[in-house]
Amino acid sequence: MVRSRRGAGASAALAILAVALAVASLGIGPVRLAPGTVVAALLGQGDEAARLIVREIRLPRAVLSLAIGGILGLSGAALQGLLRNPLAAPSLFGAPQAAAFGAVATLSLGLADALSYALPLAAIAGAFLSVFLLLAVAGREAGLVLLILAGLAISSLAGAATALAMNLAPNPFAALEIAFWLLGSLEDRSFRHVAMALPFILFGGALLLSERASFRALTLGEEAAQSLGVEVGRLRLVVIVGVALGVGASVAVAGTIGFIGLVAPHLVRPLVGSDPARLLVPSGLAGACLLTAADIAVRIIPSTTDIKVGVLTAIIGVPFFLTLIVRERRRLAAGLAA
Amino acid sequence: MTLRTEGLSVTLGGRRVLADVTLDLPAGRLAAIVGPNGAGKTSLLRALAGLVGSRGRIFLGASELSGLGTRARARLVAYLPQGHVAHWPLPARDIVALGRFPHGGRDPGRLGPGDREAVAQAMRVTGTTALADRPVTVLSGGERARVALARVFAAGAPLVLADEPTAALDPRHQIEVMRALQARARAGATVLAVTHDLGLAARFADEVVVLQDGALVAAGSPDAALADQVLARVFGIEAFRAERDGAPVLVPWS
């Protein structure tokens, strides 16, 4: 049918854009490389220095920006589908903040160093707890206001817990290091980081995609979806686990990068329509494009100190969130009255 | 298929909202479930749909529903909740296509020929074919109610459960919805509809089930189940009665 073709077309276009941005990302840095040189280096041709720069130094960063942007976009679309709410996103519900707390606690207590698998596991546990807590507090058929209030409480709690962990850090340098790490960045990442995060991200993404049809049935509400054969309780658990795996692993290697999950689904809705099932893949691709573009931007914006990519996504994301609130104002007001 | 319940009970939060309801509804009949607010009407439908834990037994034809998994049950029971909820602006056709979900038609863009035919048929019956491409969120209340009904009909389930399908509709649409439910019953399904409108129940239903405080008070033909003493005891009202074109007219009067 026409609509699925339109979705496939949008996905193909977004995938091409993501690849183009990744190639551009591989060419940007202290040594600028032309796209042709980048592609040649990727294929193992061209001069040795370019090969080294592209494949060893910049490729992990590009892979991580695609994977993390992708899983954040996908998680946002999945949460919006589960909660039937266009304002749902991992970062509004405190998932990255809680994941960051898991990672920071592990680091500052000296339980693990920054390259051990304990870090993503702690971050995943933090994210899992936050999403689980959110759904438990908000309950079934949760209204918008309840979700946002619960999300606010959870992200504040995670923020306070992180502050405590920094407060108790063994020395000021450790605290400073944690503070910078929290800003969210993809600088100087290696294939070690890719290996730490990618398996969890892929597994989380596969879990979320496996439930795509259930999100569509949820359009009719939880009871109707259940009567159509969707096991809603199991679906919630799958989404919690999928989002926690993806967001937790992302935060463990890149710090907190917010608002991709909120922005990506909104960008692709005009292209593919509102069907929450058809939104997942394009939303993931849009997330990959957004984060890769943001990671290019932080390298070409002239400034004395490096701008962290997490700061940039928040600076752009929050005004976007405000615009969304204005657009949804009528619905919000109705929700407040209810 | 005949719907039969034996001692059906539902307890919610420690309160018994449905107590020992035993019913026997033959296939091809439209049954109206009536009763004051809080009588257990919705709980009865939810128990039949398997959305809430219940005690007692439910049989549809030869199969016992509680023994079936969520998916197998979904193929036999189509449930229309109150309010005709649609959270996303999907085109009406995609909403109706969700009726095929239990049969494996999970993507409205890739339905098999059988699923497509069922969707088209349900939209014809409910007069929603012309609305197919319009986002369901911009439809009027009456149009949305008919789209919701089409979704339920598209499932082709032998048991149809509709919770207040005529609520918040204007009189013409109320009559249309009741006619559509009646037609579905004539086509062989067992149809249960909760309603507060005793007039619609008396006129369109083949059977009326009266609930009060979670218990079955009366069940049978509209004449018998909505007799004067039942209305006085359950609703505290008297009714004006007449007849038009062979159908009973019942208006709550005092």
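Colleague: What makes strand 9 and strand 10 (residues 215–220) of chain B a pair, and do they run parallel or antiparallel?

Modeller: In this predicted model, five bridges join strand 9 of chain B to strand 10 of chain B, and the two run antiparallel. A pair requires at least two bridges, so these strands qualify. Among the facing residues, Leu211(B) has Leu216(B) as its bridge partner, and Val210(B) stands opposite Ala218(B). The two strands form a hairpin with two residues between them, and Asp213(B) in the turn has a positive phi of about 50 degrees.

Colleague: What joins strand 9 of chain B to strand 3 (residues 30–34) of chain B?

Modeller: Four bridges join them, and these strands run parallel. The requirement is at least two bridges, so strand 3 and strand 9 of chain B also pair. Within strand 9 of chain B, Val208(B) is the bridge partner of Ala32(B).

Colleague: Why is strand 9 (residues 207–212) of chain B called mostly covered?

Modeller: Five of its six residues are buried, where buried means under 20% relative accessible area.

Colleague: Which strands are the edge strands of the open sheet in chain B, and what makes them so?

Modeller: The sheet has six strands in the order 6-7-8-3-9-10, with mixed pairing. Strand 6 (77–80) and strand 10 of chain B are its edge strands, as each pairs on one side only. From one strand to the next, the twist averages 15 degrees.

Colleague: Which strands does helix 1 (residues 41–49) of chain B lie across?

Modeller: Helix 1 of chain B lies across strand 3, strand 6, strand 7 (159–163), strand 8 (190–194) and strand 9 of chain B. Its angle to strand 7 of chain B is about 145 degrees.

Colleague: How many aromatic pairs are found over all chains, and why is that of Phe259(A) and Phe321(A) called tilted?

Modeller: The search finds three aromatic pairs. The ring centres of Phe259(A) and Phe321(A) are 6.4 Å apart, and the limit for a pair is 6.5 Å, so the two rings form a pair. Their planes stand at 45 degrees, which is neither under 30 nor over 60, so the pair is tilted. Phe259(A) lies in the loop between helix 11 (232–254) and helix 12 (260–272) of chain A, and Phe321(A) in helix 14 (residues 309–327) of chain A, so the pair ties together parts 62 residues apart in sequence. Both Phe259(A) and Phe321(A) are buried.

Colleague: Why are Phe240(B) and Trp253(B) classed as partly exposed and exposed?

Modeller: Phe240(B) has a relative accessible area of 39%, which lies between the limits of 20% and 50%, so it is partly exposed. Trp253(B) reaches 62%, which is over 50%, so it counts as exposed. These two residues also form a tilted aromatic pair, with 5.5 Å from centre to centre and 45 degrees between the planes.

Colleague: Which residues have the most contacts inside the largest nonpolar core?

Modeller: That core has 122 residues, and Ile68(A), Val239(A) and Leu30(B) are among those with the most contacts inside it. Its largest share, 14 residues, comes from helix 11 of chain A. Neighbours within four places in sequence aside, Val239(A) is in contact with Leu79(A), Leu82(A), Leu208(A) and Phe215(A). Another core, of 30 residues, lies apart from the largest one and includes Val17(B) and Leu51(B).

Definitions and conventions. Residues are numbered from 1 along each chain as its sequence is written. Chains are lettered from A and ligands numbered from 1 in the order in which they are written. This is a predicted model: local features need pLDDT of at least 70, side-chain atom pairs count only at pLDDT 80 or more; totals for chains, interfaces and linings use all residues. Side-chain values use heavy atoms; hydrogens and water are left out. Rings of Phe, Tyr and Trp (its six-membered ring) pair if their centres lie within 6.5 Å; planes under 30 degrees apart count as stacked, over 60 as edge-to-face and the rest as tilted. Buried means under 20% relative accessible area, exposed over 50%, partly exposed in between (1.4 Å probe, protein chains only). A nonpolar core is a set of buried Ala, Val, Leu, Ile, Met, Phe, Trp, Tyr and Cys residues joined through side-chain atoms within 4.5 Å. Contact means heavy atoms within 4.5 Å. Axes are lines fitted to C-alpha atoms, for helices over the stretch in contact, and angles run from 0 to 180 degrees between N-to-C directions.
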